[in-house]
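Colleague: I'm new to reading structures, and I'd like a close look at a single part of this one. Please pick one strand and walk me through its surroundings, step by step.

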Amino acid sequence: MKNFLTAFAVTALIISCSKKEATSVSGATDSTKIVDSINAARTKINDSIRSTNHFKDFSGPHKLTHNSIKGSGTISFEKIDGERDHYNISGELKSGKNFLKIKGFMAVVSDKHMNFTGTISQSISGNENGKTDLRKGTKTFMSKDGGKTYRLQNMVNGSGFVDYIDIHF
(Lines give C-alpha, C1' and ligand atoms only; values in the text may rest on other atoms or scores of the structure.)
Protein backbone atom coordinates (compact mmCIF):
# COMPACT_ATOMS: atom_id res chain seq x y z
CA MET A 1 0.00 0.00 0.00
CA LYS A 2 2.92 2.35 0.74
CA ASN A 3 4.31 1.76 -2.74
CA PHE A 4 0.92 2.45 -4.22
CA LEU A 5 0.56 5.77 -2.35
CA THR A 6 4.10 6.79 -3.28
CA ALA A 7 3.47 5.98 -6.96
CA PHE A 8 0.20 7.92 -6.83
CA ALA A 9 1.88 10.97 -5.22
CA VAL A 10 4.71 11.00 -7.81
CA THR A 11 2.20 10.73 -10.67
CA ALA A 12 0.07 13.55 -9.25
CA LEU A 13 3.17 15.73 -8.85
CA ILE A 14 4.27 15.16 -12.47
CA ILE A 15 0.79 15.89 -13.84
CA SER A 16 0.38 19.04 -11.76
CA CYS A 17 3.81 20.36 -12.85
CA SER A 18 3.11 19.80 -16.54
CA LYS A 19 -0.25 21.60 -16.33
CA LYS A 20 1.33 24.68 -14.74
CA GLU A 21 3.86 25.02 -17.56
CA ALA A 22 1.20 24.76 -20.23
CA THR A 23 -0.97 27.33 -18.49
CA SER A 24 1.84 29.87 -18.01
CA VAL A 25 2.91 29.70 -21.69
CA SER A 26 -0.62 30.36 -22.96
CA GLY A 27 -1.03 33.13 -20.37
CA ALA A 28 2.14 34.82 -21.64
CA THR A 29 0.82 34.70 -25.18
CA ASP A 30 -2.47 36.27 -24.13
CA SER A 31 -0.75 39.07 -22.22
CA THR A 32 1.53 39.78 -25.21
CA LYS A 33 -1.52 40.15 -27.45
CA ILE A 34 -3.12 42.50 -24.92
CA VAL A 35 0.02 44.65 -24.63
CA ASP A 36 0.35 44.79 -28.44
CA SER A 37 -3.27 45.93 -28.83
CA ILE A 38 -2.80 48.60 -26.14
CA ASN A 39 0.37 49.84 -27.85
CA ALA A 40 -1.42 50.00 -31.20
CA ALA A 41 -4.22 52.07 -29.67
CA ARG A 42 -1.74 54.41 -27.98
CA THR A 43 0.19 54.88 -31.22
CA LYS A 44 -3.01 55.81 -33.05
CA ILE A 45 -3.95 58.34 -30.37
CA ASN A 46 -0.44 59.82 -30.26
CA ASP A 47 -0.35 60.18 -34.05
CA SER A 48 -3.66 62.04 -34.03
CA ILE A 49 -2.41 64.38 -31.29
CA ARG A 50 0.90 64.93 -33.10
CA SER A 51 -0.83 66.01 -36.32
CA THR A 52 -3.19 68.48 -34.60
CA ASN A 53 -2.09 72.12 -34.74
CA HIS A 54 -1.31 73.98 -31.54
CA PHE A 55 -1.90 77.28 -33.32
CA LYS A 56 -4.16 78.67 -36.03
CA ASP A 57 -4.25 76.77 -39.34
CA PHE A 58 -2.51 78.89 -41.99
CA SER A 59 -3.18 76.55 -44.94
CA GLY A 60 -4.06 78.21 -48.23
CA PRO A 61 -3.11 81.32 -50.22
CA HIS A 62 -2.29 84.62 -48.50
CA LYS A 63 -1.21 88.13 -49.45
CA LEU A 64 2.54 88.89 -49.75
CA THR A 65 3.86 92.48 -49.77
CA HIS A 66 7.22 94.28 -49.98
CA ASN A 67 7.74 97.96 -49.16
CA SER A 68 9.79 98.60 -52.35
CA ILE A 69 7.52 96.70 -54.76
CA LYS A 70 4.13 98.10 -55.78
CA GLY A 71 1.08 95.90 -55.35
CA SER A 72 0.90 92.53 -53.69
CA GLY A 73 1.60 88.94 -54.53
CA THR A 74 0.49 85.58 -53.23
CA ILE A 75 2.13 83.13 -50.87
CA SER A 76 0.73 79.63 -50.43
CA PHE A 77 0.92 77.62 -47.20
CA GLU A 78 0.55 73.84 -47.66
CA LYS A 79 0.26 71.84 -44.40
CA ILE A 80 2.65 68.90 -44.14
CA ASP A 81 0.71 65.70 -43.37
CA GLY A 82 1.40 64.22 -39.94
CA GLU A 83 3.24 67.33 -38.74
CA ARG A 84 2.06 69.88 -36.23
CA ASP A 85 2.16 73.54 -37.33
CA HIS A 86 4.55 72.84 -40.25
CA TYR A 87 4.00 74.08 -43.80
CA ASN A 88 5.71 74.06 -47.17
CA ILE A 89 5.44 77.57 -48.57
CA SER A 90 6.07 79.29 -51.88
CA GLY A 91 5.18 82.76 -53.04
CA GLU A 92 5.92 85.44 -55.55
CA LEU A 93 5.46 89.18 -55.99
CA LYS A 94 6.26 90.99 -59.27
CA SER A 95 5.96 94.55 -60.46
CA GLY A 96 7.85 95.51 -63.62
CA LYS A 97 11.49 94.48 -63.20
CA ASN A 98 11.16 94.21 -59.43
CA PHE A 99 10.39 90.82 -57.92
CA LEU A 100 10.35 88.86 -54.68
CA LYS A 101 10.30 85.05 -54.52
CA ILE A 102 10.08 82.97 -51.36
CA LYS A 103 10.23 79.18 -51.13
CA GLY A 104 10.84 76.84 -48.21
CA PHE A 105 9.49 75.48 -44.96
CA MET A 106 7.60 77.37 -42.25
CA ALA A 107 7.21 76.22 -38.64
CA VAL A 108 4.78 78.12 -36.43
CA VAL A 109 6.45 78.25 -33.00
CA SER A 110 4.13 80.62 -31.10
CA ASP A 111 1.14 82.90 -31.63
CA LYS A 112 3.56 85.66 -32.69
CA HIS A 113 6.49 83.82 -34.30
CA MET A 114 7.11 81.68 -37.38
CA ASN A 115 10.48 80.24 -38.34
CA PHE A 116 11.14 80.10 -42.09
CA THR A 117 13.86 77.89 -43.54
CA GLY A 118 14.53 78.26 -47.25
CA THR A 119 15.38 80.91 -49.83
CA ILE A 120 14.18 84.47 -50.28
CA SER A 121 15.33 86.07 -53.52
CA GLN A 122 14.58 89.61 -54.59
CA SER A 123 15.59 92.12 -57.20
CA ILE A 124 14.83 95.81 -56.70
CA SER A 125 15.86 98.12 -59.56
CA GLY A 126 16.77 100.90 -57.08
CA ASN A 127 19.16 98.62 -55.15
CA GLU A 128 22.49 98.11 -56.99
CA ASN A 129 20.79 98.33 -60.42
CA GLY A 130 18.50 95.35 -59.77
CA LYS A 131 21.16 92.91 -58.59
CA THR A 132 19.48 89.75 -57.23
CA ASP A 133 19.76 89.46 -53.46
CA LEU A 134 19.54 85.97 -51.92
CA ARG A 135 18.78 85.19 -48.30
CA LYS A 136 19.19 81.54 -47.35
CA GLY A 137 18.80 79.72 -44.06
CA THR A 138 16.47 80.14 -41.13
CA LYS A 139 14.70 83.48 -40.65
CA THR A 140 11.97 84.62 -38.26
CA PHE A 141 8.67 86.24 -39.15
CA MET A 142 6.98 88.03 -36.23
CA SER A 143 3.53 89.48 -35.69
CA LYS A 144 2.81 92.56 -33.60
CA ASP A 145 -0.87 92.89 -34.52
CA GLY A 146 -2.32 89.66 -33.14
CA GLY A 147 -1.51 87.42 -36.11
CA LYS A 148 -2.93 89.51 -38.97
CA THR A 149 0.51 90.33 -40.44
CA TYR A 150 3.86 88.58 -39.99
CA ARG A 151 7.01 90.59 -40.90
CA LEU A 152 10.47 89.24 -41.71
CA GLN A 153 12.75 90.21 -38.83
CA ASN A 154 16.04 90.13 -40.75
CA MET A 155 15.14 93.36 -42.55
CA VAL A 156 18.50 94.50 -43.97
CA ASN A 157 19.13 93.10 -47.45
CA GLY A 158 22.48 92.41 -49.12
CA SER A 159 22.64 96.00 -50.43
CA GLY A 160 22.27 97.44 -46.94
CA PHE A 161 18.71 98.67 -47.40
CA VAL A 162 15.81 97.83 -45.08
CA ASP A 163 13.05 95.65 -46.56
CA TYR A 164 9.62 95.11 -45.07
CA ILE A 165 8.51 91.69 -46.31
CA ASP A 166 5.05 90.97 -44.90
CA ILE A 167 2.68 88.01 -45.02
CA HIS A 168 -0.97 89.03 -44.45
CA PHE A 169 -3.57 86.62 -43.03
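Modeller: Happy to! One term first: two strands count as paired if DSSP finds at least two bridges between them. Keep in mind, too, that this is a predicted model.

Let's take strand β1, which covers residues 60-66. On one side its partner is strand β2, residues 69-79. Six bridges join the two, and they run antiparallel. You can find one of these contacts at His66, whose bridge partner in β2 is Ile69. Together β1 and β2 form a hairpin, with two residues between them.

β1 has another partner, strand β8, residues 165-168. This pairing is antiparallel as well, over four bridges. Here, look for Leu64 in β1: its bridge partner in β8 is Ile167. Now stay on Ile167 for a moment, as Ile167 is also the bridge partner of Tyr150. That leads us to strand β7, residues 149-152, which pairs with β8 in the antiparallel sense over three bridges.

Step back, and these pairings fit into a bigger picture. The strands form a closed barrel of eight, running β1-β2-β3-β4-β5-β6-β7-β8 with antiparallel pairing. From one strand to the next, the twist averages 25°. What holds such neighbours side by side? In general, strands of a sheet pair through backbone hydrogen bonds.

Finally, is β1 enclosed or open? Five of its seven residues are buried, so β1 is largely enclosed by the rest of the structure. "Buried" here means under 20% relative accessible area.

Conventions: Residues numbered from 1 in each chain as written. Predicted model: local features only at pLDDT ≥ 70, side-chain atom pairs only at ≥ 80, totals over all residues. Heavy atoms only, no water. Buried < 20%, exposed > 50% of the residue type's maximum accessible area, 1.4 Å probe, protein only. Axes fitted to C-alpha atoms, helices over the stretch in contact; angles between N-to-C directions.
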